[in-house]
Amino acid sequence: MSNQLVSSFIQEIKQLDIDVSGPDVEVFPALFFTSVGLDYLQSRNFQHKTGVKFKHLTRNQLNLSELDVLVIVLGDYEPDKADTQLIRSLLQSDVKIVPFLLLSNQFFEIPEGEIFSYGQYIEALNRLCGKDYHIVAFKEQDLFTGKDEVIKYFQTLKDLKHLMRVKEKLASYYVDLTAVQFSLLKASEEQSSYFEIGITNMLEKEITRLLSEIDKTIHKKYAGVFNGQKGHFTLIQRENLKKVTVSRFPNMGNSWMVAEFGIEFLDISFQIKRFAAKVESSIVGEHFATLINDTNKALQFATNISILGTFSSGKTTFINTFLGANLRTSATHNTTILSEVRHSSDNMNKVSFQYKPIVHLELLSPNNDRDAAIISPVHGIVEDIIELNGIVTIMLRQQDELFSIYLGEKPPLSNVKKGVRINKDERLTDGKHPQHSQVKAFNLYSIAEIEAIIQLLNKDTLKNPKLSIQENGREEVLTKKSSIVSYLSRLKNIAKVKYATIPADELLNGEYSDIRRISFSANVTASNLLHEIVLDADGWETFQGNHQQTGYAESPECYLLLNKAVVYLKNDFLQLANIVDTPGLGSITDLHDEITESYLRDAKGILMIMIKMDNHIERESLWKLLSLLNSVYKNKSRQHVYFFCNWYRNLRTWKEIERTFAYLRDILIGFGFNKENIFLCNLESVIKHGIEDERLGEFPSYGLLKERLKRDIANLGPMYHLSKLNESWNLGIRTNLYNLKGRSYQLQQDIKQREFRKKNLKNIKDELETISLSSVEVFTHLKEVVDNATSLLYKLDTKKTWDEYGELLVVAMESINNAYNDNELLDEIHLKMLEMKSKLKKLNISVTFPDVPEPALKNIPFGQLRKKIQEIINDWPLMTFYFGSYRDNRRCEVRDWVNEHVDLLKESFKDYFNQTKNLFLDFKEKVIVNVTDELKLLENTKAVDIMTIQTMIDEIERNVKPTWNKILKNMNVLQSERETNEHYRD
């Protein structure tokens, strides 16, 4: 809603004769939760620019009943708990709240490892304020410099307050108008005044319309400003993100062709590495050790971009420009070695040489023998015969492996058909078998290459050599070094300066007249070979040479023995993709073709085929390349195979370009390759003039090729590995939290059990220590029984008393036996021991329970006593004279008998009592010792600190998990943007 519209709206209201004028400067009460911009927002300069003045209120000055609008100014940090509660209470009041965010310049300096961190902060503030309030954010610098969007926002606030004042006046006027209308209606009952009633109705409808328009105006104007500022703020985020991520990877932009190519993935990788390092150094690092190790491996997610092509098709030139590298190339130079370009993790440019363990060299071999038939190098079943434009390739399957046999323009024999079994060395075309055909020419290694082999033999770099010399009908094998050196020295005499094809006529005379092939093999001892070169200015020349001298890469010692050279460069793009530069196919040196063919069979990742297109196409080398590709990718996806057809300016007219490319494209499609992956580009225009989007007719441009490569690099490398890391970390965090919480619970249970056990053991110990076996009470009781029994002896006087008390004495003796045999103390001792045994058993403490012997008491034979007393009574004298002496003698006799047997019973009981007591004391001592030892063990056992476990849980829940979720959110943002961009391109 424009300021002009607001002004016209005010004028419309003024026509109703309502005063809605406002002050030049609107004063807004404001509550500040930040010191950023506090002074400036209250300054005259700010008032002059915006027409707004902020009145700073403290929390004690807040009186909501006096306010209609309150501005809340938030800053870099989220409000604390008290401030959050205050803001929520204000939002629930009737006061119109206007929240906005003023961020310091430092806030927009994105911390390492953060993407959209402040965006997440604003989301948190939006959640705090609710859906009815929108947070508008400004930079401190934008406020001070008076940017248009800032001035517009505060002027809008001024308009909003003015409109609110107008609305309030209109509402008041509406109330007054309603009262007038009511009075008119009442008066109309007394007299007709329909004119006044009609006027009031018209005013009422107009005011109602104006009030509705004001509400819409306030809503639209406020929402419009918010949306505009939201877009501006998003732009700030993007610009800062770009600035920070580019600064993190200063070596990314060496070439405009790869500038910021996948930099977002490197930034995510950077975050994850920082995150993993922090986790590793934290208290939970040990629990995530395996996952961190796997993470560091997964972040080495560079996929391979293999560059293949025909001789001098621009492969190395393309790589140099793509990476800003310095691999040697010229119009006459051809790549002689397989070079893999990788990222330098130690920030040093260098090249490392990896040599073959065994070298096989065809020093002399037949070349282009038109009379010779092409024979099958392996046995197998003919799976397919491909013929395009007169060029024939046979696809031969041997178990799970597919071989392509290139026949060129020679047609296959009539018996060579699809499904037919072919034996090794069987002829596939017309002509003589190679053993019998007339060879027209030979390929022969150069003088320098043969000399290098001799030198390497003499230095023992090549060990266990074998030289195979094949003649017509026989083969001679030399294994002695001196013999091999001598033979090679003679072979050198017929060699040329360079690898060459020589006519067979040159070999007709001398020792080579019947020779058809010379092969050399040996084990390579790489210890005395060059292994690494630091690629400074001198190092590049040592590696590749210059126009005046030959570099190590072009020396026979290197390219004859080398498996590959790994070039490490300080180029951040190489964290995303390794670049493999191969020797060109179709060069004069068959060795180059062998290197490339061998690599291609095991190549993975992205394959880019560069084909030189000028006024003619190298037909032989191109068809050899296509046959090889068809063989390798017979059962593999061709989705990531691209063709870069590099056209040259010597193709004068567009018709020539179109005709040549259309011919080549039809051939490629005929081989089963995707039409969408065939690009026609002028590499010179791309490199020199930066023309990415130059299109030749309907054919796709380099710009589209670059986007396709970017997509495949992302899908094969970072996106695949990042998705796996997402699954691994989510699972790892859940698993570790589950295990730690389970361990914490188990530890708490262990502590409870340990305390319970300690309590039981202490109770047993205390109980045993309180038990005492005192014999005083036992024997006192027994003495009373005996005294009561023996007191009857003194009542034995007359025959009558003997008869009366004699039986009582017998019964008393029986009671003495019972008293000694049924002792409660001994029973109590036995029960205590059994009870202790049961308690110890429950606590898993094993103490040998003593075998308590059966009591062997010498009981009083009271039957004998009864008999003796009966005899005394029966023998009682008749004469009174003898009565006194008989009575005394018999009483003494019985007394002595009783005392004797009572003493025997006492002694036997005492022995049994002491024996039982000793057994109990021994048992008690053993139990106390075991219990004491167990208590000491429990006291000394250091339980794992539950607080440590809880600290680990807190670390995962408060730091590890939220940080990973933030990284995950960044990955989701990245994935969403990629999908949006791809959809837009499609």
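This section describes a six-stranded sheet with its packed helices, and then the aromatic contacts, in a predicted model.

The sheet is open, and its 6 strands follow the order β16-β15-β18-β9-β14-β17 with antiparallel pairing. Strands β16 (474-478) and β17 (500-503) form its edges, and because each has a single partner strand, one side of each is left without a neighbour in the sheet. From one strand to the next the twist averages 20°. Strand β14 (residues 441-444) is joined to the antiparallel β17 by 4 bridges, and phenylalanine 442 has isoleucine 502 of β17 as its bridge partner. Helix α12 (residues 447-458) packs on the sheet through contacts with β9 (358-367), β15 (462-471) and β18 (515-524), its direction making about 140° with that of β15, whereas helix α13 (residues 481-491) lies across β9, β14, β15, β16 and β18 and runs at about 55° to β15.

Across the whole structure, 15 aromatic pairs are found. The ring centres of tyrosine 40 and phenylalanine 46 are 5.8 Å apart with planes at 65°, so this pair is edge-to-face; tyrosine 40 is buried at a relative accessible area of 14%, as is phenylalanine 46 at 2%. Both residues belong to an aromatic cluster that also includes Phe28, Phe54, Phe144 and Phe154.

A further edge-to-face pair is formed by phenylalanine 643 and phenylalanine 673, with 5.0 Å between centres and 70° between planes. Since phenylalanine 643 lies in strand β23 (residues 641-647) and phenylalanine 673 in the loop between α18 (654-670) and β24 (678-681), the pair ties together parts 30 residues apart in sequence. Phenylalanine 643 is buried, with a relative accessible area of 1%, and phenylalanine 673 is likewise buried, at 4%. Arginine 638 lies over the face of phenylalanine 673, 4.5 Å from the ring centre.

Notes
Residues numbered from 1 in each chain as written. Predicted model: local features only at pLDDT ≥ 70, side-chain atom pairs only at ≥ 80, totals over all residues. Heavy atoms only, no water. Pairing = 2+ DSSP bridges. Helix = DSSP H or I, 4+ residues; strand = E, 2+ residues; numbered from the N terminus. Axes fitted to C-alpha atoms, helices over the stretch in contact; angles between N-to-C directions. Contact = heavy atoms within 4.5 Å. Phe/Tyr/Trp six-rings, centres within 6.5 Å; stacked < 30°, edge-to-face > 60°. Buried < 20%, exposed > 50% of the residue type's maximum accessible area, 1.4 Å probe, protein only. Lys NZ or Arg CZ within 6 Å of the ring centre and 35° of its normal.
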